[in-house]
Amino acid sequence: MINGEVNNITIVGGGSAGWMTAAALSRMFGTTHKITLIESEEIGIIGVGEATIPSIHLFHQLLGLDENEFLRETKGSIKLGIEFVNWYEVGHRYMHAFGTIGKDTGMVQFHNYWLKSYLNDPKDDLWKYSLNYQAAKHNKFERPEKVNCAPLDGMPWAYHFDASLYAKYLRKYAEAKSVKRIEGKIVDTKLDAETGYIANVVMENGTEVDGDLFVDCSGFRSLLMGKALGVKFLDYTDILPVNRACYAPCQGVSPITPYTRATAQDAGWSWRIPLQHRIGNGYVYCADYISDDEACSVLLRNLDGPALADPNIVKFGAGRREYSFHKNCVAIGLSNGFLEPLESTAIHFIQGAIARLIALMPVKGIDKNLVDEFNEQGATEFDMVRDFIVLHYVAQSSGENRLKSKFWDDRQKMPIPETLRHKMDLFRNTGILSPNMYDLFKYPSWLQVLVGQGVIPQNPHAYANSIDVNNLQGYLGSIRQTINNAVAPLPLHDDFLKRAISN
Ligand SMILES: Cc1cc2nc3c(=O)[nH]c(=O)nc-3n(C[C@H](O)[C@H](O)[C@H](O)COP(=O)(O)OP(=O)(O)OC[C@H]3O[C@@H](n4cnc5c(N)ncnc54)[C@H](O)[C@@H]3O)c2cc1C
């Protein structure tokens, strides 16, 4: 760090985290900073992160990516939400659809109006008020500028994509913008004797690569933050015990459904992610409850088409580093932490950390306040998402039809974070939902998962309760009608994709 200036950035790792970081930093600092990325083809990347949430648009906007080109290059498809099957009860389905539910009504949250109607008639399903859900279930999609859905909010979307192709796509972008790539294995990390800062990393061929700031994107190995700097890993496996996934692609089927599916299984859950050229499938499980062989056979039994490869197994543990910024190192991606991919949040965590790094980029020296701010924001966001994921496990039907196994019985007995307990009790007892400002998932997300998992308040808000039933039905009926009118003329998602990738 010459004169304390921070203008030489070395990124360790070339998975999604490494190349997303390289692309974004080269976009912002490509002409002023030296940016180097080191990766080892021999070690390779994890390459299973295939589903995203709508915040990815902000990242792509920063890079100025063309959506049609992106879909073509990554064999991507559109994602309007996640369908949860068997979570509340066997045979039960609900969706965490992106976008709003109903209509923003100012002081009184929409679900209170729905609740009054639902308590009177349980056939009044919450998802009749979700544009994304209705489009997803009809396999339809169009970009919002062409969706005639006023006066409702638009239809936010995310993507499914091939993670290996995504890393390659971003590599092309970053290298064209001045990022220097070094191929090879890092075998050692040298620390400055006085400050404890990382001075350089040592390659297998003996070359040393220095940096003012190091970004650790080395995946689960956490070469810099974990191994070299010894930052503690905070273990969340007592509340999120799944620790392995077996995964295998299979041949695609038509239509390419514009949503992810997550199905509860005896020892965890399985995912289904449809892309243009195949379907990605995986079974996320806890090894205390099922063997690898059994998990692989459950996975293979449930494929929609012939498997395109033998199943692979990856091991992991839920948790995060105590600090994601420490000394002169920032950890981004799996090197910082991991939560099971139930709500497709890992790529969001990567872009969130990148956005923080850009916003708080050190200029002269590394200020302790800036480091504390970085760590506080990242930790809060991570822990709120942890609570959201735990909610799927702890709220389950108490009836005969719930999925019964030792794994699920144990989930009913496990401790619940106090922050989550408060949210669930507040909603169940009063109908009030108030996500924290750093919560990645906002009101409509919590609402859908709470209701989908059977947490339903018994009393609507006093104002909604006071509305005349006929007036209420008129109001709710007009929203349902607007949504149906908006969905009817939309093109099929398959047709949208064909058009998008040929442009
Ligand atoms: C089962 C599973 C399913 C997932 N599904 C989703 C999903 O649906 N959505 C989502 O958002 N996320 C998902 N994720 C997370 C997602 O895969 C990762 O967040 C993402 O791929 C980022 O990985 P990474 O870049 O941190 O690590 P990796 O892909 O592991 O990359 C690590 C890099 O470090 C390099 N490296 C390591 N050691 C060395 C060394 N000694 N020398 C040189 N280079 C080295 C490697 O070569 C590689 O380039 C999933 C993860 C798992 C495990």
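**Nonpolar core**

In this predicted model, the largest nonpolar core contains 140 residues. V12, A22, L80, V215, L224, I332 and I350 have the most contacts inside this core. Among the elements, helix α10, which spans residues 368–394, gives the most to this core, with 9 residues.

One of the residues with the most contacts in the core is I332. Leaving aside residues up to four places away in sequence, I332 touches A17, T21, V215, C217, I350, A353 and I354. Of these partners, V215 and I350 are themselves listed with the most contacts inside the core.

**Ligand shell**

There are 37 residues around the ligand, and G13, G15, G49, G219 and G333 come nearest. Two or more residues of the shell come from each of α1 (16–29), β2 (34–39) and α9 (346–359). The most is given by α1, with 3 residues.

Sorted by class, the shell around the ligand holds 18 nonpolar, 15 polar and 4 charged residues.

**Helix α13**

Helix α13 covers residues 443–452, and 9 of its 10 residues are buried, so the helix is largely enclosed by the rest of the structure. The buried residues are P444, S445, W446, L447, Q448, V449, L450, V451 and G452.

These buried residues pack against two strands, β4 (81–85) and β5 (93–97), and against the helices α4 (111–120), α10 and α12 (418–430). Helix α10 is also the element that gives the most to the largest nonpolar core. Just after α13, G454 takes a positive phi of about 85 degrees.

Notes: Residues numbered from 1 in each chain as written. Predicted model: local features only at pLDDT ≥ 70, side-chain atom pairs only at ≥ 80, totals over all residues. Near = placed C-beta within 6 Å. Helix = DSSP H or I, 4+ residues; strand = E, 2+ residues; numbered from the N terminus. Nonpolar A, V, L, I, M, F, W, Y, C, P; charged D, E, K, R; others polar. Core = buried A, V, L, I, M, F, W, Y, C linked by C-beta atoms within 7 Å. Buried ≥ 20, exposed ≤ 12 C-beta atoms within 10 Å, placed from the backbone. Contact = placed C-beta atoms within 7 Å.
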